[in-house]
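Work through the exercises below with the model open. Try each task before you read its solution.

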Amino acid sequence: QVEKGETLWGIGRKYRVNAAVLAQVNELQDPSRIYVGQRLWIPAIHGVSTRSVSRTSPARFRTSMKGLDFIWPVKGQLLDRFRIEENHKNGGIDIAAPEGTDVLASLPGQVIFSGKGPGTYGNTIMIDHLNEYITVYTYNLENLVVKGQQVERGEKIARVGWGKAATPMLHFEIRKDSVSCDPLNFLPPSEENSYDD
């Protein structure tokens, strides 16, 4: 049962279940919006939870996970989270990492853009994962892939450069059907990628 201040990402971290899996099993239309008192089914993964996922069959559950095994594109401190407020929008997350750090493809797919992004984004890469999802990687010091190239999950695609902060960083987005989603609802829990409010 959701308590005050909890997020789907935080609940996923608590039970060691990917937030994207929680969203699909619970048929959440908007994973960023859960409410106090809401009841969520927690799949029995890694032996952490003993609740039964009675609303979904094993076959359906495996299908829902297919293609959604995102990995962190880089390790580092979270500088800024996904935000939808008009006065402080952020369509993804910003991760601080040393200049030149390898940026990894979060999922396998095909590069659909590699070049200078809009505005101040600088070197930008966009990857189509052929499952309605696109990932975006910006502020790159150097792009290592070209448009049309097929990449594997975890493959080096760029090197961390400088963005809007006074530190080298990667701006990372996940889009579904061209709509920006909170990457923390899809990425696995990570102690390395901590965030200080």
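**Exercise 1.** In which loop is histidine 129 found? Place the residue, then describe its surroundings.

*Solution.* This is a predicted model, in which local features need pLDDT of at least 70, side-chain atom pairs count only at pLDDT 80 or more, and totals for chains, interfaces and linings use all residues. Residues are numbered from 1 along each chain as its sequence is written, and side-chain values use heavy atoms, with hydrogens and water left out.

- Step 1: location. Histidine 129 sits in the loop between strand 5 (123–128) and strand 6 (133–143). Strands are DSSP runs of E, at least two residues, numbered from the N terminus.
- Step 2: exposure. Histidine 129 counts as buried because its relative accessibility is 7%. Buried means under 20% relative accessible area, exposed over 50%, partly exposed in between (1.4 Å probe, protein chains only).
- Step 3: polar partner. The histidine 129 side chain makes a polar contact with the side chain of threonine 135, at 2.7 Å. A polar contact is a pair of N or O atoms within 3.5 Å; within protein, one must be able to donate a hydrogen and the other to accept it, and residues adjacent in sequence count only if both atoms are side-chain atoms.
- Step 4: neighbours. Not counting residues up to four places away in sequence, histidine 129 touches Leu107, Pro108, Gly109, Ile134 and Thr135. Contact means heavy atoms within 4.5 Å.

**Exercise 2.** Is glutamate 173 buried or exposed? Find the polar partner of its side chain too.

*Solution.*

- Step 1: location. Glutamate 173 lies in strand 9 (residues 168–176).
- Step 2: exposure. At 5% relative accessibility, the residue is buried.
- Step 3: polar partner. Its side chain pairs with that of histidine 171 in a polar contact of 2.7 Å.
- Step 4: neighbours. Leaving aside residues within four places in sequence, glutamate 173 has contacts that include Tyr121, Ile134, Thr135 and Pro183.

**Exercise 3.** Which residues does the side chain of serine 114 reach through polar atoms?

*Solution.*

- Step 1: location. Serine 114 lies in strand 4 (residues 109–116).
- Step 2: exposure. Serine 114 counts as partly exposed, because its relative accessibility is 26%.
- Step 3: side-chain partner. A polar contact of 3.3 Å joins the side chains of serine 114 and asparagine 143.
- Step 4: backbone partner. The serine 114 side chain also reaches the backbone oxygen of valine 145, at 2.7 Å.
- Step 5: C-alpha check. Serine 114 and isoleucine 125 are eleven residues apart along the chain, and their C-alpha atoms are separated by 4.5 Å.

Methods. Helix = DSSP H or I, 4+ residues; strand = E, 2+ residues; numbered from the N terminus.
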